[in-house]
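User: Hi! I am new to protein models and would like to learn how to read one. Could you walk me through some features?

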Amino acid sequence: MPAEPRSAIAAFARRAALGAFVAAALRTLLLVAAVAALVLLALRLWGHHARPQPLWALALLPVLGAGLLAARRERPTAATAAAHLDRRLGLDGLLLCAHAGLGLDDAQRARLSAGLAGLPAALPRLRWRALLPWPALAVLVATVVALLPPPPAPSLPRSLAAAQQEVARLDERLRELLARGELPEEAQRELAQKVAELQQRLQQDDVPEWREFDELDRRLDREQLLQAAAAETPTDAGAANEAEGGAATTPSPTDVAAAADALAQAGQLDALPEAVRAQLAAAQRADGSFAADRLPLDPAALQQLAQALAELAQQPGVLQQLQHLDGGQLADLRAVLDAFAGGAAGQGEDGRDGEGAGRGGVDRGPGHAALQLTEAAVGEASGALPLPPGQPLPGEWVPVGDRRAAPVTAPETNRSAGGQGAAGSGGASWQLDLRPGHRAVVQRYFDAGARPADAEGPKEKR
Amino acid sequence: MTTMMTSADVARGRVLLQRVQDGCNAVLLGQQELVDLCVIALCARGHLLLEGLPGLGKTELVKALGRLLGLSFRRVQFTPDLLPGDITGGPILQERGGEKRFVFQPGPLFANLVLADEINRASPKTQSALLEAMQERSVTVLGETHALPAPFFVLATQNPIELEGTYPLPEAQLDRFLFKVEVPGVSADVLTRILTDRRRGQAPAHDVALTAHELDELFALVDRVYLPHAVANYAARLVAATHPGAASALPEVRSAVRYGASPRAAIAIGESARAAALLAGRPNVDFADVQRTAVPALAHRLVLQHAALVAGTTAAGLVRTLLQAVPAVAPALPEAVR
């Protein structure tokens, strides 16, 4: 049945708008697919892999938007559609007359109807061959890129089972570390969090890279090293020294003060060497007792002091003078003094040589070399890190802490020759640069310039 | 609701036109397109300029048209010494009843059909005397305006060779002509027919094809031909495309055209397309009618650059280029559809 002119024109306009929609949508799809493929490829090149997600369907929004915009913009008006359709149907303007509302006679209507019978063939057709290939190719490429398997690990093959084994091993190692001794709370929390994070990623089938396992492993190595170092200091280190070379344990200042108190009450301290008595006098309170915190901080000096007290106690009759002590106290004092005396064994032939490295003695054993810390090195961070026995020095730097220090803001005056703070500023330079015969002239010139004008004397004749 | 021409009216108009066509074709053998354009120009009530070599039958065609239409016919042979008064007429002192007075003596322009033969041989002053007659269809002499008989057609001829001593028509006067038609040569077959059918080239005698009443009826039918808006827009875009300063002008137009066609050209296309549609048996103008009348209506209205003329560019060729380049319907359909 032939269509009415108005409906035929509307159908033509709709088909043209559809063509515009499809063309614009395919053009935009080509662009979106190309960009998506490039992005996915770039991500793969950078070592990332994006799994296809339903959210990616949002990329079709610009496609639809562009299509709708083009359909709205390029939809022909009814008059334009009528003109196009009239030409396609070969109606010689009869459709234009009908669209303009002119009355047609029967013959003209019959011809118009006969022409409109060919409407389906006259409707615009999409040029699929020109439109489809490139967008289809781009979509195909983007799909293939998106469906590519995740890129393999660059060095070692990563599998879920191996990663789970590694995480389990690291977890077990952390537990052993915690069971072996105490870790700093912050390090403990950080390590546990890292292990938990790895376990969580494995549950999501996200296999971490091996470098993450290696980092955690190295971190555990470091904590283990620190833990062992902490365990060795100070008691184990002393025992090890004693076992190896008979080196003395650093005496306790409290014990030294107590022993000095006991001997002082018996009036036996006068027999001590002058230097030792001076050290004790510095630590003596007003009531005559000795303060442990005033004794020498240097372990070597303290050891020397303790040893002097032990030697004093070994002299005949000294301990017998300690009548103010009961039996138990005396036994304790004797044990302390013996310990003081035992600390000197193995140091040297006479017990005085080799008291410490750098003290002029002959070092014959692994004696403890006390570090003389400067002001800038004071603190735990810069302190020496004793290594446990048998533990080699790590191959790389091991950070053991950090500290903050306020910068020196007070400027120091340059007091070197010619400096601002040097005496006779300015004088030194010209004395260095001028010939001796000219110095007097320059000196007179500046001296004259420094004097007021009215004070100037008669000028020299030239 | 406005009613379009009925099919019966269209058929009637076509019959009337066919009579004129047949008469002209009987006189001028083998010049069907030329005859059609002449009939179209007459139906559109426009003036016609025929350009062609001598002996091609230009004058014979015009004379045949005058006789076929039953109109008064005058022929003026334009020469350099022809004066405006020679064609418009002038006052003559006459004595009637003992009283002497000036009486206007109409010139040869006072006819329905005026043949201005070799119009480019007259001086510009005489050519200009035709301006008012062609546009206003009246003649003013000594302050008195005398209306020319209706219908009034000027059919001029000019020779494209032997240009010495000629005065090319100015653009203003060229613009008054509805069509400028170049008369082509004829083939050997046509020449054979001329030799065998006619002694000394004498055209056969023919009767009047249309009476005055039928001519008026024909004009009325042409006026009723509907010009759709889309077709009018096509004609307008064609004319606008001849202007080199237009944004959508073709490179050829920009380089070759100095001045484009005037709005009178668009009017000429519209009117002649109506006649062409009736000649084709249509109650309305179609795009094909515009394309058929565009070349003769536009070509003589384009002023070309001197360089383009030297290079051999013709105005008719440019108009044909425009017909190829300007889409019939605008805006065009999206490129994605066919």
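Analyst: Happy to help! Let us begin with contacts, where contact means heavy atoms within 4.5 Å. Leaving aside neighbours within four places in sequence, V181(B) is in contact with L34(B), L37(B), L48(B), L49(B), L50(B), E51(B) and P296(B). This is a predicted model, in which local features need pLDDT of at least 70, side-chain atom pairs count only at pLDDT 80 or more, and totals for chains, interfaces and linings use all residues. Residues are numbered from 1 along each chain as its sequence is written, chains are lettered from A and ligands numbered from 1 in the order in which they are written, and side-chain values use heavy atoms, with hydrogens and water left out.

User: In which strand does V181(B) lie, and is V181(B) buried or exposed?

Analyst: V181(B) lies in strand β9 of chain B. Helices (H or I, at least four residues) and strands (E, at least two) are DSSP runs, numbered from the N terminus. Buried means under 20% relative accessible area, exposed over 50%, and partly exposed in between (1.4 Å probe, protein chains only). V181(B) has a relative accessible area of 4%, so it is buried. Its C-alpha atom is separated by 5.8 Å from that of P296(B), although the two are 115 residues apart along the chain.

User: What is a salt bridge, and how many are there over all chains?

Analyst: Side chains of opposite charge can pair when their charged atoms come close. The rule here asks for a side-chain nitrogen of Lys or Arg within 4 Å of a carboxyl oxygen of Asp or Glu. By this rule the count comes to 31 salt bridges over all chains. One of them joins the side chains of D217(A) and R173(A), at 2.4 Å from N to O. This pair links distant parts of the chain, with D217(A) in helix α11 (residues 210–245) and R173(A) in helix α9 (residues 160–180) of chain A, 44 residues apart. Both D217(A) and R173(A) are buried.

User: Where do E274(A) and R277(A) lie?

Analyst: Both are in helix α13 (residues 274–283) of chain A, 3 residues apart, about one turn of the helix. Their side chains meet in a salt bridge of 2.6 Å, N to O. E274(A) counts as exposed because its relative accessible area is 54%, while R277(A), at 32%, is partly exposed.

User: Which side chain of opposite charge is nearest to D105(A)?

Analyst: That is R109(A), 6.7 Å away, and D105(A) is buried yet has no salt bridge. For charges, Lys and Arg count as positive and Asp and Glu as negative; His and the chain ends are not counted. D105(A) sits in the loop between α4 (94–99) and α5 (106–116) of chain A. Not counting residues up to four places away in sequence, D105(A) touches T6(B) and S7(B).

User: Which residues form the positive surface patch?

Analyst: Patches are made of residues with over 30% relative accessible area and no salt bridge: like charges are joined within 9 Å, nonpolar side chains (Val, Leu, Ile, Met, Phe, Trp, Tyr) within 5 Å. The place of a charge is taken as NZ of Lys, CZ of Arg, CG of Asp or CD of Glu. Here R15(A), R125(A), R127(A), R129(A) and R338(B) form a positive surface patch. R129(A), in helix α7 (residues 128–131) of chain A, counts as exposed because its relative accessibility is 80%.

Note on methods: Areas by Shrake-Rupley, 256 points an atom, 1.4 Å probe, with all protein chains shown as cover.
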